[in-house]
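Subject: Structure handover

Hello,

Here is the structure I said I would pass on. Please open it alongside this email and follow the residues as you read.

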Amino acid sequence: MNGTKNTKNRKDKYKGISLSNGVGIGIAAIHRRHHNITKIFAENKEQELNKLATAHAQMNQDLDDKFDAAKLGMGEHVDILDAYRMFAKDKGWYKRITDNIDGGLTAEAAVERAYEDMWKRLSGTTDNYMRERLHDLRDITDRLLGYIYGDNIDNSFLKNAKDIIVVAQTMGPADLMDYDYHKIRGLIIEDGTPTMHVAIVAKALGIPVVSKIKGIYTEIKNGELIGVDGDEGYVYIQPDQNVRQKFIDRLEEREKLRKKLATLRKLPSKTKDDVRINLYINVGLNFDLDYISTTNCDGVGLYRTEIPFMASETMPSVEQQTQYYQELLDKAGRKKVVFRSLDVGSDKLLPYWRYGGEENPAIGWRSIRITLDRRAILRNQMRSFLRASAGKELNVMFPMISNLSEFREAKETLMLELEKEKKRNRNIPKKVNVGLMIEVPSVVFQLEDILKEADFVSVGTNDLAQFVFACDRGNPRLMERYDVLSAPFLRIMYAISFLSASAGVPCSVCGEMASNPIEALALLGLGYRNLSVSGASFGKIKSMIRTARVEDITDYMNILLKSNRNSIRQQLISYATDHGIEIY
Ligand code: PEP
Ligand code: MG
């Protein structure tokens, strides 16, 4: 990419905003762009046909080379690649594109139109094989568009790289899995925010993330050496020896801190005044499972089941789901696991599902709204949960619930599946607990009634904050405007913990607030005793807990709740520093 761009005026250091702490240095891998087609009608037909022919030939050559390399191995990936390659060479598809160019479209618009036509014909089919082909066609369409736009999307140089920095304009959480995540040392997302899902996944992997540097995505070239400082929010392009040495020193420091935090593993999660705080972890992708044993946590407080759905090529069957969930339960042993029902939509999109462009996807048809409307998906998932938990305790939590009747409907779906399992003489769980996430403000106003019917609740502060402040969690422009550490949000959080405690219903926080030491300290002061955090921040949160006194922070939060400042973050940081509370 950018082969023609003048790089002389580039700076060697850019300031952005940190979305995940840590430092890393490595070779840049530019993540595939999503192309918005702006030029639809062509001025010169011949030129467009030539552009298409060159891109198509180049793409096929690269696919052939990749295929020859992959052939050295055997198995599914070779078959997939072969099917993909056949698709790319399909004459019918190519003809449809050239016909569109003949009709007056630009090469890129013609490629997109060929996809749309095919999609219209096939999207209604229930045939899984055809749906998968549609997915391949989307991929091949994007790939061809990449060649037309002249992106260098040949990532073969990454094969030998040990350390990579992924550079994206924006990304979905499963896109990180396009790379070998063991090698990712940093992530730069031009349009990123801390609670967007890819940032949450990166944080869970311990990958530093920097965002909000305008133009950085087109500035960096594939294969360049890049340093990411996720503590201060800097990106270094082609850092000199001096800067590289600083990165090495910082990495050593962080390793020391990691070792120090690891020594807390066997120590109880208790405050200085002996209040036990239950500490759970959030799980999404497979790598999170390792944290169950390495952190010595109390269990899994949030299993984001949609993430394996997103990483899959097709909607997983009951058998496949049961197997995923069983694997998790086996890893958890006797520890508690809270399964969340499928929470897709907004920025978590399934590749095999078309959502139809919505004006406001974050408040649109997403999450429980989808699964209540497409009840078979919910039923299948409930059946899989029940089967995976046979003979064990099952905890199911429903996301994005907006009122009591919605919760009842979801709960009833689970209970009906339980009855069916009994009728089938299948082994059932020994106990089933049903809870909900508090993320839509309306439920706070009905909470006393809901708490009579829920076995537990968990606050999803990422979504709750975006709805309380009417502020898109994925919009970088709004990132610093509102703070969860301010009276409007903290008062709501206090009301939730107070009402739950009064009703005797366990209440936890599983949003990102719990994974940030200073914000988690505020939560202790508001009465929260159950936190579910990302595996990578577990040690930091435990260390904060072990150096804090609940009685003191409760008194201080009572004072801060009256403050009408835009943010009370600075006061809390000073308080922590003055009281020797560790907030790494
Ligand atoms: C939340 O909204 O706080 C939450 C935990 O759910 P997710 O981040 O997956 O939307
Ligand atoms: Mg949420």
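Below is what was found, taken site by site. One point first: this is a predicted model.

**The metal site**

Start with the magnesium ion, ligand 2. Glu439 (OE) and Asp463 (OD) coordinate this ion, at 2.1 to 2.2 Å. The pair links distant parts of the chain, 24 residues apart. Glu439 sits in the loop between β13 (431–438) and α15 (441–444). Asp463 belongs to helix α17 (residues 461–468). Both side-chain donors come from buried residues: Glu439 has 2% relative accessibility, and Asp463 has a relative accessible area of 3%. Each counts as buried because its value is under 20%.

**Ser534 and its surroundings**

Next, go to strand β16 (residues 530–534), where you will find Ser534. Its relative accessible area is 5%, so Ser534 is buried. What does Ser534 touch, leaving aside residues up to four places away in sequence? The answer is Ala204, Asn282 and Ser515. There is also a polar contact of 2.8 Å between the side chains of Ser534 and Ser537. For a sense of distance, take Ser563, which lies 29 residues from Ser534 along the chain. The C-alpha atoms of Ser534 and Ser563 are separated by 30 Å.

**Cavities**

How many cavities of 30 Å³ or more are there? The count comes to three. The largest cavity has a volume of about 110 Å³. Its lining is made of 13 residues. Closest to the centre are Ile200, Ala204, Gly284, Asp288 and Arg304. Two elements, α6 (197–204) and β9 (278–283), give two or more residues to this lining. The largest share comes from α6, with three residues. Ala204 links this section to the one before: this residue is among those closest to the cavity centre, and Ser534 touches Ala204.

**Helix α13**

Now look at helix α13 (residues 375–388), which has 14 residues. From its first C-alpha to its last, α13 reaches 20 Å. That is close to the 20 Å expected at 1.5 Å a residue. Is α13 mostly covered or mostly open? It is mostly covered, with ten of its 14 residues buried. Charged names appear in the buried set too, including Arg383 and Arg387. Others in the buried set include Ile377, Leu378, Met382, Phe385 and Leu386.

**Ser500**

Helix α18 (residues 487–503) holds Ser500. With 1% relative accessibility, Ser500 counts as buried. Beyond residues up to four places away in sequence, Ser500 touches Leu451, Val457, Val505 and Cys507.

**Two positive phi angles**

Finally, check two backbone angles. Gln238 is not a glycine, yet its phi is positive, about 45°. Gln238 lies in the loop between β8 (234–237) and α8 (241–262). Is Gln238 buried or partly exposed? At 44% relative accessibility, Gln238 counts as partly exposed.

Ala470 is the other case: its phi is near 50°, a positive value in a residue other than glycine. You will find Ala470 in the loop between α17 and α18. Its relative accessible area is 72%, so Ala470 is exposed.

Best wishes

Terms used
Residues are numbered from 1 along each chain as its sequence is written. Chains are lettered from A and ligands numbered from 1 in the order in which they are written. This is a predicted model: local features need pLDDT of at least 70, side-chain atom pairs count only at pLDDT 80 or more; totals for chains, interfaces and linings use all residues. Side-chain values use heavy atoms; hydrogens and water are left out. Helices (H or I, at least four residues) and strands (E, at least two) are DSSP runs, numbered from the N terminus. Buried means under 20% relative accessible area, exposed over 50%, partly exposed in between (1.4 Å probe, protein chains only). Contact means heavy atoms within 4.5 Å. A polar contact is a pair of N or O atoms within 3.5 Å; within protein, one must be able to donate a hydrogen and the other to accept it, and residues adjacent in sequence count only if both atoms are side-chain atoms. Donors are N, O and S atoms within 2.8 Å of the metal (3.2 Å for Na, K and Ca); water is not among the atoms, so sites may look incomplete. The expected span of a helix is 1.5 Å times one less than its number of residues. On a 1 Å grid over the protein atoms alone, a cavity is a set of points where a 1.4 Å probe fits but cannot get out, and a pocket is an open set with protein on both sides within 12 Å along at least five of seven lines; lining residues have an atom within 4 Å of a point. Grid points are joined across faces, edges and corners, and a volume is the space filled by probe spheres set on the points.
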